[in-house]
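User: Could you walk me through how some of the labels for this structure were reached? I would like to see the reasoning behind each one.

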Amino acid sequence: KAGFKFINIDMMYMLPGQTIEDWIQDLEIAAEQDVDEITTYPLLITHYTPMYQRLKNGSLEPQPNKRTFKRMFYTTFDVLEGAGYKPLEIYGFSKTNEKYATVNLEMEGPLLGFGCGAAGFTGSYEYQNTCSVGEYIHSTLDGNLPIAGERNVDVKERIIRWIASRLFVGKGFELSDFEAEFGGGFNHKIGEFGKVLKVLKFLRIIRASGKRIELTRKGFFSANLLTWSFVLNVPCKLVEKYSETPWPIKVFIP
C-alpha cells in the first residue's frame, strides 16, 4: 500500500538448536504473507565471530547436523513450490520471473557496494571498502574513496565466475547466453575448466540438455555445499583480513 512494487523476505536456517519442524513452520508462515519472493540461506558461522566462540564453549546449542541440513534444503523446495513459489535459483523462490537476490551479481557484476566493509564488482574490477567505521568516515569526509583493496579481473576468471554463478546459484544456463556474453565457442573459451564440468557431469551433479547445462535435482544440494565452502573460504576470509587493519598493503587468499 505504501508503493513498494516488489517485496522479498530473507530467511535463514541451520540456526543453533533449530529443528526441521521449526524450519517448516517458518516457511509456511512466510509463504502465507503472499510476498513476491522468498530467499533462504544456511547460517554460516566463521571462527572470528562471537557466535562461533559460544558454540565452541557450549553456551549455544549446536547447529543441525549435515543430514538435517540436507532435509532442510530439500524441504524448502517442497514447501515453497507447494505454495506457488518457483525456484529461480537455489536460494531464491519467486511468484514472478523477477528476483531481488544479489548472490549472482556478486559473482558476475555489476554490483556497486556502498558503506563500511562493502564490496563491489563491475564485471572486470573488484573492490573492498575499509572495514573500519572510523577510517571509512574520515576517508569520505576528506573526499576520498574508502577503498582498502582492489583488483582487476581478467576474462579467464570472469568466464569461470559467470559459469559458477549461473550453474551453482542460478541452476543452469543456455550456451547461446554464454556465447553472446563472451563470443566464440563454449568449449574453446572455458579451457581447463571444462575438466571440472566433465567431473560434475560424471557425478550426475549437472547435465547437458540440448544447448543448456543445468543442475540435476541431486546437484541442488551439492551446489549449496560448494557455495557454502566458497563463501567461507573467500568472502569471509576477505572480511577477516580486512578487519585486521583498515588499510592493508596486500591481502592474499590461498
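**How the labels follow from the values**

Analyst: Happy to. P110 is found in the loop between α4 (103–108) and β5 (119–121). Please keep in mind that this is a predicted model.

User: What makes the bond between G109 and P110 a cis peptide bond?

Analyst: The clue is omega, which is about -5 degrees for the bond joining G109 and P110, a cis peptide bond. As background, most peptide bonds are trans.

User: And what is notable about phi of M14?

Analyst: Phi of M14 is near 65 degrees, a positive value in a residue other than glycine. In general, most residues other than glycine have a negative phi. M14 lies in the loop between β1 (8–13) and α1.

User: Let's turn to helices. Why is α1 called roughly parallel to α3?

Analyst: The axes of α1 (residues 20–32) and α3 (residues 66–82) cross at roughly 30 degrees and come within 10 Å. Angles under 35 degrees count as roughly parallel, so α1 is roughly parallel to α3. The crossing in which α1 passes α3 is right-handed.

User: Which residues make the contact between α1 and α3?

Analyst: From α1 come I20, W23, I24, L27, E28 and A31, and from α3 come R71, M72, T75, T76, V79 and L80. By class, the residues of this contact of α1 with α3 are eight nonpolar, two polar and two charged.

User: How do you know that α6 is roughly parallel to α9?

Analyst: Helix α6 (residues 155–169) packs with α9 at an angle of about 20 degrees, and their axes are 11 Å apart. With the cut-off for roughly parallel at under 35 degrees, α6 is therefore roughly parallel to α9. Their crossing is right-handed.

User: What classes of residue make up the contact of α6 with α9?

Analyst: Here I160, I163, L167 and F168 in α6 meet F193, L197 and L200 in α9. The residues of this contact of α6 with α9 divide into seven nonpolar, no polar and no charged.

User: Why, then, is α6 called roughly antiparallel to α7?

Analyst: Again the angle decides. The axes of α6 and α7 (residues 175–182) come within 12 Å and cross at roughly 155 degrees. Angles over 145 degrees count as roughly antiparallel, so α6 is roughly antiparallel to α7. The crossing of α6 and α7 is right-handed.

User: Which residues meet between α6 and α7?

Analyst: R158, I159, W162 and I163 in α6 meet D177, F178, E181 and F182 in α7. By class, this contact of α6 with α7 has five nonpolar, no polar and three charged residues.

User: Now a pocket. Which residues line the second largest pocket?

Analyst: The lining is made of F186, N187, I190, G191, G194, L197, K198, K201, I206, R207, A208 and I213. The elements that give two or more residues to this lining are α8 (186–190), α9 (193–202) and β9 (206–209). This second largest pocket has a volume of about 240 Å³.

User: Which element gives the most to the lining of the second largest pocket?

Analyst: That is α9, with four residues. L197 is one of the lining residues of the second largest pocket, and L197 of α9 is also among the residues that meet α6.

User: How does the lining of the second largest pocket divide by class?

Analyst: There are six nonpolar, three polar and three charged residues in the lining of the second largest pocket. Gly counts as polar in this scheme, so G191 and G194 of the lining fall in the polar class.

Note on methods
Residues are numbered from 1 along each chain as its sequence is written. This is a predicted model: local features need pLDDT of at least 70, side-chain atom pairs count only at pLDDT 80 or more; totals for chains, interfaces and linings use all residues. Side-chain values use heavy atoms; hydrogens and water are left out. On a 1 Å grid over the protein atoms alone, a cavity is a set of points where a 1.4 Å probe fits but cannot get out, and a pocket is an open set with protein on both sides within 12 Å along at least five of seven lines; lining residues have an atom within 4 Å of a point. Grid points are joined across faces, edges and corners, and a volume is the space filled by probe spheres set on the points. Axes are lines fitted to C-alpha atoms, for helices over the stretch in contact, and angles run from 0 to 180 degrees between N-to-C directions. Angles under 35 degrees count as roughly parallel, over 145 as roughly antiparallel, 65 to 115 as roughly perpendicular and the rest as oblique. A crossing is left-handed if the near helix is turned anticlockwise from the far one by less than a right angle, and right-handed if clockwise. Contact means heavy atoms within 4.5 Å.
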